[in-house]
There are 2 protein chains.
Amino acid sequence: MDRIPVLTLADVLLVSIQVDLEDQLALRLQDDLAERIVATGARGVIIDITALDIVDSFVGRTLATIASVSKVLDAETIVVGMRPAVAITLVELGLQLPGVRTALNVELALGMLAAARFAESHAGDLADAAPASS
Amino acid sequence: MDRIPVLTLADVLLVSIQVDLEDQLALRLQDDLAERIVATGARGVIIDITALDIVDSFVGRTLATIASVSKVLDAETIVVGMRPAVAITLVELGLQLPGVRTALNVELALGMLAAARFAESHAGDLADAAPASS
């Protein structure tokens, strides 16, 4: 496989990682996601890792890089479907996923993204209201 | 990989096929989908084949079987992300995907499923109305 498909769901991009992420594939995924965020104006990226038996430091770094790039492009990254054994191994190895939020499944992640946008739009309302009251 | 992840989006199941479907994997996907339809009460199954370079007769048969089983369980199957070359090859080889609807992407497929449910609920309204007028 030369690239991992990126699916679009309204303003959310969805990626299901099912194969071992080697260098080229990981780089391509980063590029594809960045391009698609800009092209579609996506506000969220959901990465499903249900199929991954192991998340090593390279995969962890890839996920963190995707999250950082997305953040710069104003999109939040949520990793879903992490297996219990993967979570335990991550902690035992002391690996961290900086900038990456997690959710149990795609639906909960969509809910988190919707909640974040709702809070954001309300913060905008408050900011708009502030000058009027001064 | 031992199985292809099945993602849940409200009452729709989403599968992204990214690896070659050998026998065991195809059988397991059929089983998983049937079980998940029953467990979640899903009304639609969306299968993304963006990553597939080729849809041979085995893959075609697998998709048709999934569609038939889903139909019996009252869920509609829509295949999305078919590459132009794949479509051309399917036609040239005379392969058909009986019972399988197609859409360009996930969003259009979700729209088709929503429209089908809307029509269904209206049909119910008409059926309810008929006895009253007799």
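**Entry 1, Ser16(B).** I began with Ser16(B) in this predicted model, and at 7% relative accessibility I count Ser16(B) as buried, because the cut-off for that class is under 20%. I placed Ser16(B) in strand 2 of chain B. I then looked up which residues Ser16(B) touches, leaving aside those up to four places away in sequence, and found Pro5(A) and Gln18(A) from chain A together with Ile4(B) and Asp48(B) from chain B. With one of these, Asp48(B), the side chain of Ser16(B) makes a polar contact of 3.2 Å.

**Entry 2, the interface.** Since Ser16(B) touches residues of chain A, I turned to the contact between the two chains, to which chain B gives 19 residues and chain A gives 19 residues. I noted that chain B and chain A bury about 1500 Å² between them, with 65% of this on carbon and sulfur atoms. Which three residues supply more than any others of the area that chain B buries against chain A? I found them to be Pro5(B), Leu7(B) and Gln18(B), which supply 35% of that area.

I next searched for polar links across the interface of chain B and chain A: the rule finds zero salt bridges, but it does find four residue pairs in polar contact, with both residues of each pair at pLDDT 80 or more. On the side of chain B that touches chain A, the elements giving two or more residues are strand 1 (6–9), strand 2 (12–16) and helix 4 (106–133) of chain B. I sorted the residues of that side into 11 nonpolar, four polar and four charged.

**Entry 3, the relation of the copies.** I looked up how chain B maps onto chain A, and a rotation of 180° with 0.0 Å of shift along its axis superposes them, at an RMSD of 0.0 Å. I recorded this as the relation of a two-fold axis. I also noted that 100% of the interface residues of chain B are interface residues in chain A as well, so the copies meet through the same surface.

**Entry 4, the fold of chain A.** Lastly I went through chain A, in which I listed four helices and five strands, following the pattern β-β-α-β-α-β-α-β-α when read along the sequence. The C-alpha trace of chain A spans about 55 × 35 × 20 Å along its principal axes, and buried residues make up 42% of the 134 residues in chain A. Of the contacts in chain A between residues at least 6 apart in sequence, I noted that 72% join residues at least 24 apart.

Key: Residues are numbered from 1 along each chain as its sequence is written. Chains are lettered from A and ligands numbered from 1 in the order in which they are written. This is a predicted model: local features need pLDDT of at least 70, side-chain atom pairs count only at pLDDT 80 or more; totals for chains, interfaces and linings use all residues. Side-chain values use heavy atoms; hydrogens and water are left out. Contact means heavy atoms within 4.5 Å. Buried area is the accessible area (1.4 Å probe) that two parts lose on being put together, summed over both. A salt bridge is a side-chain nitrogen of Lys or Arg within 4 Å of a carboxyl oxygen of Asp or Glu. A polar contact is a pair of N or O atoms within 3.5 Å; within protein, one must be able to donate a hydrogen and the other to accept it, and residues adjacent in sequence count only if both atoms are side-chain atoms. Ala, Val, Leu, Ile, Met, Phe, Trp, Tyr, Cys and Pro count as nonpolar, Asp, Glu, Lys and Arg as charged, and the others, Gly among them, as polar. Copies are superposed by least squares on the C-alpha atoms of residues with pLDDT of at least 70 in both. Buried means under 20% relative accessible area, exposed over 50%, partly exposed in between (1.4 Å probe, protein chains only).
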